[in-house]
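Please read the structure below alongside its sequence. The text that follows goes through the fold, the core and the charged pairs.

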Amino acid sequence: MEPGSTVKEYIGSTLRITIDSGAPLINAELSEGVQIDSLPNCKRMVEGTLIAIDNDPNILLDEVEEYIYDAASREIHSKRALGLVSVPCQSILKIEVSKREYQMITNPKQFTAAKSLAGLVSKK
């Protein structure tokens, strides 16, 4: 996070969270029917909208999609919709937000000005 920014500013943002491979995977079956345990470079990532963070801090995401992918090739082996998910803090390896959303949070004046300018251009 940018110095001076708070977690509240990220509420509503789309987050990509890479989860520890030791975290339990609920019998997810891959598109080819291969079990996750048989993939040595397997990674798990969830992507969804940040709704809340509790005191532990677990992260609550909505509209979540889970991806199982090969870390070396980035090939996606499985994708499934999960809906509302609580991600335990101890299983989180990495949290990412898109560059655009990050810039909107850390420099909102720039995007407000850009919106105003876009409105003027489209009216002509």
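Which side chain does R80 meet in a salt bridge? The model is a predicted one, and in it the side chain of R80 meets that of E66, at 2.5 Å from N to O. R80 belongs to strand β4 and E66 to strand β3, so the pair links distant parts of the chain, 14 residues apart. The two ends differ in exposure: R80 is partly exposed at 29% relative accessibility, while E66 is buried at 2%. Salt bridges with shared partners join R44, E66 and R80 into one network.

The other link in that network is the salt bridge between the side chains of R44 and E66, at 2.6 Å from N to O. R44 lies in strand β2 and E66 in strand β3, so this pair ties together parts 22 residues apart in sequence. Both R44 and E66 are buried. In general, side chains of opposite charge can pair when their charged atoms come close.

The structure has five salt bridges by the rule applied. Another of them is formed by the side chains of R16 and E47, at 2.8 Å from N to O. This pair also links distant parts of the chain, with R16 in strand β1 and E47 in strand β2, 31 residues apart. R16 is partly exposed at 31% relative accessibility, and E47 is partly exposed at 23%.

These strands belong to a chain with two helices and five strands. From the N terminus, the order of elements is β-β-β-β-β-α-α. Strands β1 and β2 pair antiparallel over six bridges, and within this pairing V46 of β2 is the bridge partner of I17. Strands β2 and β3 also run antiparallel, joined by ten bridges; here M45 stands opposite Y67 in β3. A hairpin of five residues connects β2 to β3.

The next topic is the nonpolar interior. The largest nonpolar core has twelve residues: Y10, L15, I17, I19, V46, L50, I59, L61, V64, V85, V87 and I105. Strands β1 (14-19), β2 (42-53), β3 (59-70) and β4 (76-87) each give two or more residues to this core. In soluble globular proteins, nonpolar side chains tend to be buried together.

I59 shows how one core residue is placed. This residue lies in strand β3 and counts as buried because its relative accessibility is 6%, under the 20% cut-off. Beyond its neighbours up to four places away in sequence, I59 touches I17, L50, A52, I53, V85, S86, V87, I92 and I95. I59 and V85 are 26 residues apart along the chain, and their C-alpha atoms are separated by 8.2 Å. Seen from V85, with neighbours within four places again left aside, the contacts are I59, L60, L61 and V64.

S13, in the segment before β1, is also buried, at 4% relative accessibility. Leaving aside neighbours within four places in sequence, S13 is in contact with G48, T49, L50, V97, E101 and I105.

I53, one of the contacts of I59, is found in strand β2 and is partly exposed, with a relative accessible area of 35%. Together with V7 and I11, I53 makes a nonpolar surface patch of about 210 Å².

For the chain as a whole, 28% of the 124 residues count as buried. The exposed area is about 8300 Å², of which carbon and sulfur atoms supply 53%. Among contacts with a separation of 6 or more, 59% are between residues 24 or more positions apart.

Note on methods. Residues are numbered from 1 along each chain as its sequence is written. This is a predicted model: local features need pLDDT of at least 70, side-chain atom pairs count only at pLDDT 80 or more; totals for chains, interfaces and linings use all residues. Side-chain values use heavy atoms; hydrogens and water are left out. A nonpolar core is a set of buried Ala, Val, Leu, Ile, Met, Phe, Trp, Tyr and Cys residues joined through side-chain atoms within 4.5 Å. Buried means under 20% relative accessible area, exposed over 50%, partly exposed in between (1.4 Å probe, protein chains only). Helices (H or I, at least four residues) and strands (E, at least two) are DSSP runs, numbered from the N terminus. Contact means heavy atoms within 4.5 Å. Patches are made of residues with over 30% relative accessible area and no salt bridge: like charges are joined within 9 Å, nonpolar side chains (Val, Leu, Ile, Met, Phe, Trp, Tyr) within 5 Å. Accessible areas come from the Shrake-Rupley method with a 1.4 Å probe; for residues, only the protein chains shown count as cover. A salt bridge is a side-chain nitrogen of Lys or Arg within 4 Å of a carboxyl oxygen of Asp or Glu. Two strands pair if DSSP finds at least two bridges between them.
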